[in-house]
Amino acid sequence: MSTTPEEVVAAASDLLAKDEALKKQLKAATKALMAQQAAQVLASGQQVNEVHIESAGDISVLAPLVLKGASEETLLWAKLNGRLYFALISPAGQACDCLARLQALGEVQGGGLPKVVTGNTTLPLERVAETIN
């Protein structure tokens with residue numbers, strides 16, 4: 001081991017800086033991807049939309065972007081690790097009411113604000129979709 005402690009500290013600092021830069025790039029790329037998906041959802045004009053997410057947090061990034069252009073209740077959904085992840089979007093402020101109806105069915109985790117709630121469940125998509133009608 002011919003590496004000095006100073007060299008180890010410098011190398012570790014360099015790795016941490018690179019890691020931080022890569023995290024920022026990933027965050028920016030994820031936000032750009034979510035903006036693109038939001039535009040697709042809004043262009044579809046459909047109330048129920050399958051979206052593609054890499055992590056559970058992605059749907060929380062996507063939902064407010066869809067809310068900006070939504071004119072009616074919209075459901076975003078994705079399957080991840082055997083669970084249904086969803087976002088209920090309600091420009092009229094009824095999202096929390098929809099979530100409460102879903103939670104009454106059981107096995108639903110989630111929360112949010114009157115216009116956007118997110119969560120996950122083991123319930124089938126059809127049961128979740130019924131809540132926005």
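**Helix α3, its strands and two cores**

Reader: Which elements do the buried residues of α3 pack against?

Author: This is a predicted model, with helices (H or I, at least four residues) and strands (E, at least two) taken as DSSP runs numbered from the N terminus. Contact means heavy atoms within 4.5 Å. The buried residues of α3 pack against β3, β4, β5 (116-121) and α4 (125-130).

Reader: Before I go on, what pLDDT do side-chain atom pairs need to count?

Author: Residues are numbered from 1 along each chain as its sequence is written, and side-chain values use heavy atoms, with hydrogens and water left out. Totals for chains, interfaces and linings use all residues, while local features of this predicted model need pLDDT of at least 70 and side-chain atom pairs need pLDDT 80 or more.

Reader: OK, back to α3. What arc do its buried residues cover around the axis?

Author: Buried means under 20% relative accessible area, exposed over 50%, and partly exposed in between (1.4 Å probe, protein chains only). In α3 the buried residues are A95, C98, L99 and L102. The arc, which is that of the directions from the helix axis to the C-beta atoms, puts them on the same side of α3, since they cover only 100 degrees.

Reader: I spotted C96 and C98. How far is the sulfur of C96 from the closest cysteine sulfur?

Author: A disulfide is a pair of cysteine sulfur atoms within 2.5 Å, and the structure holds 0 of them. C98 is buried at 6% relative accessible area, whereas C96 is partly exposed at 32%. The closest cysteine sulfur to that of C96 is in C98, too far for a bond, at 9.3 Å.

Reader: What phi does G106 take, just after α3?

Author: Two neighbours in sequence both go positive here. E107, in the loop between α3 (95-105) and β4 (108-112), has a positive phi near 55 degrees without being a glycine, and E107 is exposed, with a relative accessible area of 56%. G106, just after α3, takes a positive phi of about 95 degrees.

Reader: Now the strands. Which residue in β3 stands opposite L80?

Author: Two strands pair if DSSP finds at least two bridges between them. β2 and β3 do so in the antiparallel sense over 7 bridges. In β3, the residue opposite L80 is R83.

Reader: And which residue in the turn of that hairpin has a positive phi?

Author: The β2-β3 hairpin has 2 residues between its strands. One residue in this loop is not a glycine, yet has a phi of about 55 degrees. With 73% relative accessibility it counts as exposed. The residue is N81.

Reader: What is the bridge partner of L84 in β5?

Author: β3 is mostly covered, with 6 of its 7 residues buried. Besides β2, β3 is joined to β5 by 6 bridges, and those two run antiparallel. In β5, L84 is partnered with T121.

Reader: Which element gives the most to the largest nonpolar core?

Author: A nonpolar core is a set of buried Ala, Val, Leu, Ile, Met, Phe, Trp, Tyr and Cys residues joined through side-chain atoms within 4.5 Å. The largest one has 17 residues, and V51, I53, L62, V66, L76 and I89 have the most contacts inside it. α1 (5-44), α2 (58-67), β2 (74-80) and β3 (83-89) each supply at least two residues. With 4 residues, the top contributor is α2.

Reader: How many residues are in the other core?

Author: I89 belongs to the largest core, and beyond four places in sequence the contacts of I89 include A63, V66, L76 and V116. Another core lies apart from that one, with L75, W77, F86 and L99 among its members. Its residue count is 15.

Reader: Last one: how far apart are the closest N and O atoms of D19 and K23?

Author: A salt bridge is a side-chain nitrogen of Lys or Arg within 4 Å of a carboxyl oxygen of Asp or Glu, and the structure holds 2. One joins D14 and K18 at 3.3 Å, N to O; they sit 4 residues apart in α1, so about one helical turn separates them. D19 and K23 also lie in α1, 4 residues apart. Their closest N and O atoms are separated by 3.4 Å.
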